[in-house]
Amino acid sequence: MEGAADGWGRSSNRADAARDRIEQQLLTGLRAAQEGEAARAAVARLRQLGRNFRYVYTECGLLRTTLNSLAHEIRLQQRALSQALDDAAALKFTVHADGSVTYPAAGEGLVDGGPLRGGTATSNGAPALTPPSGLAAPNPHTAKAQDIADRVTGAVRAAAEIDWRYAGILRRLKAEEGLKVPDSTWKDAAGDAGAVRDAAGAYLADTIPHDATPAQRRDWWAGLAQEQREEYLAVYPDRIGNLDGIPALVRDAANRDNLQLLIGKLEGRDDDRSVTQLAGLREIERQLGAGGKPGEPPMFLLGVSDEGNGRAIVSFGNPDTAKNVSTYVPGLNTSLDRGFAEGDLKRARDTAIGSQYHDPSSAAIAWLGYDAPQAIDGLSSLAVAGEGRAEEGGRRLGEFTAGLAATNEHRDPHLTAIGHSYGSRTVGAATQQGGGLEGVDDIVLVGSPGVGVDRAEDLGVGPGHVFVGAADNDVVTMMPSKRQAVAGIAISPLGPLAVLAGDAADQGDDDLWFGRDPASESFGARRFRVDDGPGFVGSSGPSIGAHSQYFDPIRDPASANNIALISAGRSERVKPQEYR
């Protein structure tokens with residue numbers, strides 16, 4: 001079984017090497033050298049071929065792990081059987097093909113003192129209870145023979161059950177005929193992976209260090225043999241790909257496989273959540289396949305999941321080899337949808353491009369690792385949002401940045417956490433838990449309704465390392481304190497927006513919804529120059545357009561460049577702006 005597993009492993013590795021050659025060499029070279037209809041057609045066919053090889057890699061990997069897990073479980077029963085047979089041989093018992101055990105005469109009879117007759121013990125699968133006779137002492141071998149018979153029968157029956165269970169799994173691991181791998185096949189692959197995971201729990205899953213620190217997970221992965229790594233990637237791409245402390249290249253490979261499994265899982269479902277997430281996943285898949293424009297930093301998929309409102313973590317540039325790494329945390333109404341895949345990923349891409357202009361050794365990450373508050377109206381969502389999601393998101397963000405610090409190849413990498421909107425509250429929450437934002441040197445807050453603390457120094461990154469961008473027309477950065485909001489809403493049928501636009505807005509003090517205004521002098525951050533943005537009351541009604549342009553090098557070049565400078569470790573060149 002293990003020999004067969006090794007063979008399937010070699011097939012899996014060959015398929016993975018072919019996929020890598022297509023995606024990293026052929027497609028890259030073709031895009032750089034050729035244009036036109038023929039080139040586009042060739043790119044499309046190569047992408048399909050690469051996708052097919054990814055499927056071969058996944059299924060062959062599942063076969064390898066299934067066979068290895070089967071061998072692991074069978075070996076346990078072999079050992080139990082061998083021990084029982086050794087015990088029988090030591091006692092000079094005879095074990096028959098049907099599992100019965102014959103034992104010799106022994107002991108002394110109560111009447112004549114002669115040895116008691118031997119006999120044969122059989123098992124029905126449960127320990128036998130032989131009541132003692134009132135006329136004769138039992139043969140001392142009887143109980144021992146019965147124990148051996150029960151152990152023999154138990155091992156053989158357990159092995160038969162294991163064989164039956166794994167045979168069913170192996171029968172499912174077969175592909176459709178033909179050269180195409182449609183979405184329906186990936187849907188089957190998702191089911192296959194689930195079945196193998198269930199079967200291989202004791203063999204693999206129980207050893208994944210979910211409760212360890214990112215540094216301990218890094219060391220665990222480094223200590224695995226290559227074959228073990230390949231099995232984890234084949235069977236648990238979702239767990240390995242989302243495990244902080246695993247190297248970026250490994251996470252990217254695992255999550256690209258998991259992305260296909262998730263698409264297959266959600267394909268055909270018609271509930272709103274599945275449709276929304278599927279659209280986001282397909283857009284991420286499209287961008288990964290397109291490979292970006294020449295000169296743009298490569299994409300690394302560091303996390304993806306359909307948990308909650310969806311999870312996705314995408315890096316532009318390798319965060320393990322870059323000296324400067326920024327992590328952007330989005331806020332209100334962000335979920336795994338097409339808007340995130342198009343808009344929020346563009347923000348990270350723009351930040352990466354801007355940072356690399358100032359220092360080529362830079363990467364930028366879009367981190368959707370938590371459930372941000374959801375509502376049709378972002379202002380209303382903020383007005384009713386509590387701090388629970390920020391607290392949970394902050395805990396996960398802290399683990400993520402600790403993972404970045406653990407896997408980065410530089411001794412002292414420069415890490416930046418960027419919180420936008422409610423994401424700034426999440427960043428603030430992360431600084432107040434455990435060891436804070438481990439490894440983070442600078443914090444950037446844009447469009448912030450407050451971060452949960454009243455002083456920049458409370459964020460734990462030292463004086464002069466907290467930066468804030470707040471557009472004068474960004475209504476979210478002028479949310480009143482909760483006390484003011486309650487009073488304003490009580491007299492206004494329009495709710496929070498009326499409070500902001502009217503005389504009840506936060507005037508005369510520095511309190512926002514989640515604490516002191518980060519753009520105020522009393523907070524103590526370094527406010528950098530941003531564009532005022534469009535007014536929040538225009539010809540078409542209320543607008544929060546100024547809230548969404550901080551990262552855009554076209555609509556707000558001053559803000560985008562300042563964020564890039566901070567991310568690249570060039571904060572001494574940031575253009576300042578007066579405090580509120």
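## A buried aromatic pair across the chain

Both Y328 and F551 are buried, and in this predicted model their rings form an aromatic pair with a tilted arrangement, the centres being 4.9 Å apart and the planes standing at 55° to each other. The pair joins distant parts of the chain, since 223 residues separate the two partners: Y328 belongs to strand β6 (residues 324-329), while F551 sits in the loop between β15 (541-542) and α16 (557-567).

## Other aromatic pairs

A search covering the whole structure finds seven aromatic pairs. One of them is formed by W367 and Y370, whose rings are stacked, with 5.9 Å from centre to centre and 15° between the planes; W367 and Y370 are both buried. Elsewhere, ring pairs connect W220, W221 and Y232 into a cluster.

## The surroundings of R526

R526 is found in strand β13, which covers residues 526-527. Its relative accessibility is 31%, and because buried residues lie under 20% and exposed ones over 50%, R526 counts as partly exposed.

When neighbours within four places in sequence are set aside, R526 is in contact with G464, V466, F467 and V468, and also with S571 and Y579. A further relation concerns E578, which is 52 residues away from R526 in sequence, whereas the C-alpha atoms of R526 and E578 are 9.3 Å apart in space.

Technical notes
Residues are numbered from 1 along each chain as its sequence is written. This is a predicted model: local features need pLDDT of at least 70, side-chain atom pairs count only at pLDDT 80 or more; totals for chains, interfaces and linings use all residues. Side-chain values use heavy atoms; hydrogens and water are left out. Helices (H or I, at least four residues) and strands (E, at least two) are DSSP runs, numbered from the N terminus. Buried means under 20% relative accessible area, exposed over 50%, partly exposed in between (1.4 Å probe, protein chains only). Contact means heavy atoms within 4.5 Å. Rings of Phe, Tyr and Trp (its six-membered ring) pair if their centres lie within 6.5 Å; planes under 30 degrees apart count as stacked, over 60 as edge-to-face and the rest as tilted.
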